[in-house]
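User: Got a minute to walk me through this one? I'd like to go over the fold and the core.

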Amino acid sequence: MIYKVFYQEVKERNPRREQTQTIYLDINADNELEGRIVARKLIEENTAYNIEYIELLSEKALEYEKETGVFEVTEF
């Protein structure tokens with residue numbers, strides 16, 4: 001399952017929509033909730049990011065992300 005994670009690079013500052021960034025994670029999980037938990041844990045262990053939202057991408061959303069040219073799965 002591919003998850004799109006919205007985050008801010010710095011936890012000490014208030015989040016601003018203009019500074020929100022995204023990464024994509026490929027998570028092996030039994031269900032969506034477990035995947036979100038694993039994704040959050042991975043990010044918290046490997047970065048200092050302030051996580052805003054974690055979204056499971058549907059097939060159509062994944063196709064769109066690939067078409068935009070910014071899609072790249074992050075591995076930790």
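Analyst: Sure, we can take the sheet, then the helix, then the core; keep in mind that this is a predicted model.

User: What order do the strands of the sheet come in?

Analyst: The order is 2-1-3, in an open sheet of three strands with antiparallel pairing. Strand 2 and strand 3 are the edge strands, each pairing on one side only. From one strand to the next, the twist averages 25°.

User: How many bridges join strand 1 to strand 2?

Analyst: Six, and the two strands run antiparallel. To pick out a pair, Y7 has Q21 in strand 2 as its bridge partner.

User: Ok, switching to helix 1. Which strands does it lie across?

Analyst: Helix 1 lies across strand 1, strand 2 and strand 3, and runs at about 150° to strand 3.

User: And the largest nonpolar core, which residues make it up?

Analyst: There are 11 residues in all: Y3, V5, Y7, I23, L25, I27, A29, A39, I43, I51 and I54.

User: Which elements supply at least two residues each?

Analyst: Strand 1 (2-8), strand 2 (21-26), helix 1 (32-46) and strand 3 (50-56) each do. Strand 1 gives the most, with three residues.

User: Back to I43 for a sec. What is it in contact with, leaving aside neighbours within four places in sequence?

Analyst: I43 is in contact with V5, I23, L25, Y49, I51 and F76. Among these, V5, I23, L25 and I51 belong to the largest nonpolar core, as does I43 itself.

Methods. Residues numbered from 1 in each chain as written. Predicted model: local features only at pLDDT ≥ 70, side-chain atom pairs only at ≥ 80, totals over all residues. Heavy atoms only, no water. Core = buried A, V, L, I, M, F, W, Y, C linked by side-chain atoms within 4.5 Å. Buried < 20%, exposed > 50% of the residue type's maximum accessible area, 1.4 Å probe, protein only. Helix = DSSP H or I, 4+ residues; strand = E, 2+ residues; numbered from the N terminus. Contact = heavy atoms within 4.5 Å. Pairing = 2+ DSSP bridges. Axes fitted to C-alpha atoms, helices over the stretch in contact; angles between N-to-C directions.
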